[in-house]
Amino acid sequence: MDTLSPFSLCHDWKVQWYKYDRLHENAMNWVGKREEDMLIALAIVGVISSLQLKKIFLDGDKQRLKKLCATGKLTRHKLFKNQQEIPIFSLGPTGIAMIQERYPVVDWTCFSIPDLLQRLLFFQLVSRFKDENPKIRVLPSIPPFIGSVKRKDKTIHVLVQRGNEEDLIHTFKFYTPAERFILIKETLEHGKTLDEYLQKCKVRMTTDNQMSNHSFSEMFYLWKEGRWVPENIISEEQHSNIKNTSVI
């Protein structure tokens with residue numbers, strides 16, 4: 001049996017939003033491509049955890065994170081899991097002013113707990129992609145996808161199943177996306193009702209546990225003969241015969 005995921009809805013979750021109104025006009029400058037990518041990603045997705053932010057965009061630089069908050073480029077909020085505080089970050093007023101003419105800024109203050117967990121899981125996947133290939137970018141997608149990841153010359157959309165299974169089933173009853181995408185589920189057993197609607201899609205699936213405890217080459221499943229099969233055990237010949245396969 002899988003250990004309960006850190007991102008499971010079974011935990012007791014609460015969020016405390018902090019409103020920071022001060023716009024620092026003297027800080028409205030772009031400090032390198034990494035910062036630009038960070039602001040774009042947060043405009044698209046909404047929120048990110050402290051650990052994810054430092055790993056993906058800041059190379060672990062805590063001082064840089066403090067400066068980003070002090071100048072209003074980012075705003076720090078509090079997410080609580082079983083009374084444990086988890087710092088999460090959104091764009092601040094300065095960051096919004098810098099990016100809003102280029103990208104629509106998602107309203108994170110309306111996020112439910114499932115919405116928040118979906119975004120954090122999106123960035124967990126981005127973090128794994130960055131481990132495998134540092135030159136990746138977060139780009140917009142369309143609902144129900146959270147966003148997409150640009151890797152080399154390929155764009156991969158990301159769908160997260162967390163408290164939204166009925167909505168996803170309703171969507172996929174009437175919509176078969178042409179885009180290749182990755183589905184993140186809590187476990188193999190979760191969301192089996194949704195699986196039947198994904199058989200014609202170009203989809204790979206991963207779980208919370210696979211992302212946390214397995215190498216990149218062992219993270220993904222493909223749908224084969226009515227079940228999810230680890231991609232790394234599928235032969236090249238079998239792989240080419242799976243209709244919904246797609247290159248990552």
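Biologist: Buried means under 20% relative accessible area, exposed over 50%, and partly exposed in between (1.4 Å probe, protein chains only); how many residues of helix 5 are buried?

Modeller: Helix 5 is mostly covered, with 15 of its 20 residues buried. Helices (H or I, at least four residues) and strands (E, at least two) are DSSP runs, numbered from the N terminus. This is a predicted model, in which local features need pLDDT of at least 70, side-chain atom pairs count only at pLDDT 80 or more, and totals for chains, interfaces and linings use all residues. Residues are numbered from 1 along each chain as its sequence is written, and side-chain values use heavy atoms, leaving out hydrogens and water.

Biologist: Which helix gives the largest share of the largest nonpolar core?

Modeller: That core has 53 residues, and M38, L53, F57, L74, F122 and F123 have the most contacts inside it. A nonpolar core is a set of buried Ala, Val, Leu, Ile, Met, Phe, Trp, Tyr and Cys residues joined through side-chain atoms within 4.5 Å. Helix 5 (residues 113–132) supplies the largest share, 10 residues. A second, separate core holds 15 residues, including F172, V203, Y221 and W223.

Biologist: And what does L74 touch?

Modeller: Leaving aside residues up to four places away in sequence, L74 has contacts (heavy atoms within 4.5 Å) with several residues, among them M38, L53, L65, F89 and L91.

Biologist: Now the sheet: what is the order of its strands?

Modeller: The order is 1-3-4-2 in an open sheet of four strands with antiparallel pairing; two strands pair if DSSP finds at least two bridges between them. Strand 1 (13–16) and strand 2 (48–49) are the edge strands, each pairing on one side only. Strand 1 and strand 3 (residues 74–81) run antiparallel and are joined by four bridges. In strand 3, K78 stands opposite Q16.

Biologist: Where is N82 found, and is it buried or partly exposed?

Modeller: N82 is in the loop between strand 3 and strand 4. Its relative accessibility is 41%, so N82 counts as partly exposed. N82 has a positive phi of about 50° although it is not a glycine.

Biologist: Which loop holds D59?

Modeller: D59 is in the loop between helix 2 (50–56) and helix 3 (62–70). D59 is not a glycine, yet its phi is positive, about 50°. D59 is exposed, with a relative accessible area of 60%.

Biologist: Last topic: is the peptide bond from P143 to P144 cis or trans?

Modeller: The bond is cis, with omega near 10°. P144 has its place in the loop between strand 5 (136–139) and strand 6 (147–151).
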